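User: Could you take one close look for me at the interior of this model, and how its packing is put together? I'd like one connected walk-through rather than a list.

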Amino acid sequence: MKLSDFDFDLPAHLIATRPARPRSSARLLRAEGGRIEDRHVGDLPRILRPGDLLVLNDTKVIPARLSGTRTRQSAQGEVTARIEITLLEPAAEGWQALAKPLRKLRAGEVIRFGDALSAEVAEIGEGGLRLVFDAVGEAFDAALNQVGAMPLPPYIAALRAPDDQDRLDYQTVWAARRGAVAAPTASLHFDAPLLAALRARGVEFVHVTLHVGAGTFLPVKVEDVTTHRMHAEWGEVDAAAAAAITRAKSEGRRVIPVGTTALRLIESAATGPGRVAAFRGTTDIFIYPGHHFRVTDGLMTNFHLPKSTLMMLVSALMGPEKIKEIYGHAVRDGYRFFSYGDGSLLIP
């Protein structure tokens, strides 16, 4: 499989920079039984079956983008300069992060993010650094909420800066466990009225956690996609969630993850066909055509970047030729793409 097999032409005007309002008014491309149908997310209670189990990722996005001032001593005295920081994940002490610019940064420098928060550069590695902040625990969370901005994906950030509205828009309504630096974006389409309507329909829900990392946006740089190495992300499927998924499979009910993050996690936790065990740790599972899905019966997801690992995942689920047909239809019909874009329901 070549990287070029997962490429397609996407007009720039189809990249969404704001979500639909209300959330459930977004369009939904339904691909099931060989057919493609144009619907809306709000139609899900009329599309899904009673007993379907939706797997929801309850990770919570932190305001991980920070604008600060770095300070260092030189022969001329104290020198300051602006720097942009994106937090990646907690380290044994402090946080792993990206910095722009990184080239002139030195260990021991102090970066100040206004009056509420500062950090010392503990070490610098290839492509990133480790920061130790002057606050921890709840004090750190409060300071981060004050000075941080939501880490919008690069393809949105290139078109506009994040603002206060993104603190609501780039967070799911069931977000509970802080730790993600990117949202599980298929879940952004759900609001309270839609969840109530789905429950009334007899659709069931189970929550899992996968803290989405910035690596989800890293490009694939190898032509032979099978040699690509995925970034690792921390996740948890607790015993109750594992039992609910296994029970649904044993009863012949469909298990449909909402988002590729939830899908990757439950496939990581699968111990055999139709069976999931409790799981807690990191996963770097890479799903591309040829993968045998052990518990996934379908997927609700947004429309993904060309040549991305997520394009490979949906191609594995639906088949490469079917995905080309689906994406061709989406482009021709003006569906909105990427994190704030429209959704799809893929049932192989």
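Analyst: Sure. Residues 24 or more positions apart account for 69% of the contacts in the chain with a separation of 6 or more. Keep in mind that this is a predicted model. Of the 348 residues in the chain, 53% are buried. DSSP runs give nine helices and 19 strands. The radius of gyration comes out at 21 Å, close to the 20 Å that the globule rule gives for 348 residues, so the chain is as compact as a globular protein of that length. Along the principal axes, the C-alpha atoms fill a box of roughly 70 × 40 × 40 Å. The chain exposes about 15400 Å², and carbon and sulfur atoms supply 50% of that.

The domain assignment splits the chain into domain 1 (3-61 + 168-346) and domain 2 (65-149). Their C-alpha centres lie 33 Å apart.

Now for the interior itself. In soluble globular proteins, nonpolar side chains tend to be buried together. Here the largest nonpolar core has 44 residues, and Y170, I326, Y327 and F337 have the most contacts inside it. Two or more residues come from each of β1, α3 (154-157), α8 (309-318) and α9 (320-332). Of these elements, α8 gives the most, with seven residues. Apart from this core there is a second, separate one of 24 residues, with L87, I111, L144 and V181 among them.

Let's stay with α8 for a moment. The helix is mostly covered, with 10 of its 10 residues buried. These run from T309 and L310 through M311, M312, L313, V314, S315, A316 and L317 to M318. What does the covering? The cover for those buried residues includes β1, α7 (260-269), β18 (299-302), α9 and β19. There are backbone details on either side of the helix, too. Just after α8, G319 takes a positive phi of about 100°. K307, in the loop between β18 and α8, has phi near 60°, a positive value in a residue other than glycine. With a relative accessible area of 35%, K307 counts as partly exposed.

Next, F337, one of the residues with the most contacts inside the core. F337 sits in the loop between α9 and β19 (343-347). Buried or exposed? F337 has 0% relative accessibility and therefore counts as buried, since the cut-off is under 20%. Not counting residues up to four places away in sequence, F337 touches F8, L10, L14, I15, A16, F303, H304, Y327, A330 and V331. One of those partners, L14, is 323 residues away in sequence, yet its C-alpha is 5.8 Å from that of F337. F338 lies in this loop between α9 and β19 as well. Its phi is near 75°, again positive in a residue other than glycine, and F338 is buried at a relative accessible area of 4%.

Y170 is another of the residues with the most contacts inside the core. Leaving aside neighbours within four places in sequence, its contacts include V61, M150, P151, L152 and P153. They also include A182, A183, T185, L188 and F217, along with S339 and Y340.

β1 turns up both as a contributor to the core and as part of the cover over α8, and its own pairing is easy to trace. Strand β1 (residues 27-32) runs antiparallel to strand β2 (residues 35-40), with six bridges joining them. They form a hairpin with two residues between the strands, and G33 in the turn has a positive phi of about 60°. Across the pair, E32 stands opposite R35. In the segment before β1 you'll find P22, and the peptide bond from R21 to P22 is cis, with omega near -5°.

Last stop: I111, which belongs to the second core. In a regular strand the side chains alternate between the two faces of the sheet. Strand β8 (residues 110-113) shows that: I111 and F113 point to one face and are buried, while V110 and R112 point to the other and are not. β8 pairs with strand β9 (residues 117-125) in the antiparallel sense over four bridges, and I111 stands opposite A119.

Note on methods:
Residues are numbered from 1 along each chain as its sequence is written. This is a predicted model: local features need pLDDT of at least 70, side-chain atom pairs count only at pLDDT 80 or more; totals for chains, interfaces and linings use all residues. Side-chain values use heavy atoms; hydrogens and water are left out. Two strands pair if DSSP finds at least two bridges between them. Domain bounds come from an automatic or database domain assignment. A nonpolar core is a set of buried Ala, Val, Leu, Ile, Met, Phe, Trp, Tyr and Cys residues joined through side-chain atoms within 4.5 Å. Buried means under 20% relative accessible area, exposed over 50%, partly exposed in between (1.4 Å probe, protein chains only). Contact means heavy atoms within 4.5 Å. The radius of gyration is taken over C-alpha atoms; the globule rule is 2.2 Å times the number of residues to the power 0.38. Accessible areas come from the Shrake-Rupley method with a 1.4 Å probe; for residues, only the protein chains shown count as cover.
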